[in-house]
Amino acid sequence: MTEFILGKYNYWIYIVLMMTGFYAVIAKKNLLKKLIGLNILQTAVFLFYISIAKVRGGTAPIFLEGAEVIYDNPLPHVLILTAIVVAVSTTAVALAIVILIKQAYGTVEEDQILEMTEEG
Amino acid sequence: MREHLPILVIIVPLLTALAVPLAARVKRILAWYLTLISTAVSCGLSFDLLLTVMRTGKVSYWLSGWEPPWGIEYAVDYLNAFVLCIVTCLGFLVAVYARRSVEHEVEEHRTGVFYATYLLFVTGLAGIVITGDIFNLYVFLEICSLAGYALIAVGRKREALVASYNYLILGSLGAIFVLLGTGYLYMVTGSLNMADLAARLPALYHSKVVQTAFAFFVIGLGIKVALFPLHTWLPNAYTYAPSAVSAIMAATGTKVAAYAFIRVMFTVFGTDFVIYRIHTTQILLVLSVVAILAGSVLAIAQTNIKKMLAYSSISQVGYIVLGIALLTPTGIKGSLLHILNHALMKGCLFLVVGAVVYRTGLTSIEDFKGLGKKMPVSMAAFTVAALSMIGVPLTVGFVSKWYLVLAAIETGLWPVVAVLLLSSLLMAVYFWRVIDNLYFVPAVEPAPELRPSSASHSSNPHEVRDAPALMLWPTVISAALCVIFGIIPFLPLAVAEKAVSILLR
């Protein structure tokens, strides 16, 4: 039981982080806070990928001449580099849209925007 | 040279996308010419690819020569080649159409960037279809989605921004779920190649990790397909996007996601897993039936034509998923045909709406009064596509619905047969409303001061005439294809049959 909770603590952190982000995306009315939630969610996924790459006693995957090294699986690291790039671009596009929304509506609060849409 | 064709389908539009904004600095119109040429090349290459597949059965391209499962593989079989042709062909048709529409709806200094984003969108769609690597699929999914968010935000009204933002949030959630599903699969199999995964997974069917991965994929791709109740991003996104963007998205966006859905369900996880382990088909069956009915009913309630077509898309997605859920060869054949047919029909309908926006600046169904006389060719195309949506014989809509009904009868699901017929009736209701306005209601002359300022092209309604040739041709071609494939459906049928036999192996 302790092994299940403490031994896999990185996965627990991933789940807690993911749910925190997910909650923020769904529940927050402020468009920027939603984005922060999305970022937390994405970071949680990065942590998950890094966790599955870990090999017990492993070290950085660098090839040493003549030495037997146990190293972590580098593939998830590479995958997550791609996903980080994607997350950065998503955030960039989203922030650009939020700036335009602020210019067009004068607010970034979802309920106020909804009110204005219904009036118009 | 010939063996590099699969990668060129992706590389040509991708690299052109980089060149287009630079070309637009030299001369604005160059951007459009480059877009046109590269989509034409991409389209030609994918038809050549389809012919190669028909000759040899399968094309496998190894990126930089790395042997799969270590390297990324582009695996093209009947299914991809078929969807790839639809995507690139519509990408080309809409590119032809875009010139006038974009001149009208997009600010001039933004056209270069607009075409670049358009090309990225098409690249992403083609990439999702062609790749045989599941992580690569995620990357292309994000390329196409990010380009899509930007394209929607270009729309003139400020509602376009909110629609784009909402799509971004939901779309990113969907992509994150796909990414997580990929991670879970990698965790237990150590592989990312779809064919390799398919070989490794049967031994792990009992694993909770694999089952969780499947759930992530279904939800993630479900958002992208806009499967009810995950469809909420779609209506506003289609409504407020510029006309050309609505057309390409409605025609290809959800279809490509549906392809990814089919690919992951049948090729990666396999039919045994889908049917016996998780009973996905029952869930999908219920959801798709609700989608078909709810989409149609909501479409009837709309006054804005773009929104009506968007809700109708939700019910059409229901058809595609229904065929998958029935899980018989006939049903899946119906789904695959409906991917092609709905792309043609909905593409054509949105193109006509774009032409109306170009000439009048209006999108309310009321405003279609008397347009049948003023824009005879466009409206004839609209009528053909609308009849095809309803499923009138001799049009493509009839062919795919025929197979779906057959599949429902084969499996003995009579309520589903009733739903299919009822939804055709509902579709007849909402399309008839438009056709009635087109041909049987005389035009009303609105007071000049009530006309929106964006209608600068025709301050006088008497000047409303048919769309310019560049907008008319793509519309007419897609409408003509609706009839041609409706009367002689043998070519798409033959390809779909082969694809089904590969999927249900």
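How many residues do chain B and chain A each bring to the contact? I looked this up first and found 22 residues from chain B and 26 residues from chain A, two residues being in contact if their C-beta atoms, placed from the backbone, lie within 7 Å.

I note that this is a predicted model, in which local features need pLDDT of at least 70 and side-chain atom pairs count only at pLDDT 80 or more, while totals for chains, interfaces and linings use all residues. Residues are numbered from 1 along each chain as its sequence is written, and chains are lettered from A and ligands numbered from 1 in the order in which they are written.

Next I examined the side of chain B that touches chain A. Helix H5 (134–153) and helix H6 (159–189) of chain B each supply at least two of its residues. The largest share, 14 residues, comes from H6(B).

I then turned to the secondary structure of chain B, which comes to 20 helices and 2 strands; helices (H or I, at least four residues) and strands (E, at least two) are DSSP runs, numbered from the N terminus. Strand E1 (residues 59–62) of chain B runs antiparallel to E2(B), and 4 bridges join them. Two strands pair if DSSP finds at least two bridges between them. I found Trp62(B) opposite Glu73(B) in E2(B).

In strand E2 (residues 73–76) of chain B, Glu73(B) and Ala75(B) point one way, Tyr74(B) and Val76(B) the other way, and all are buried. A residue is buried if 20 or more other C-beta atoms, placed from the backbone, lie within 10 Å of its own. Buried residues make up 63% of the 505 residues in chain B.

Terms used
Buried ≥ 20, exposed ≤ 12 C-beta atoms within 10 Å, placed from the backbone.
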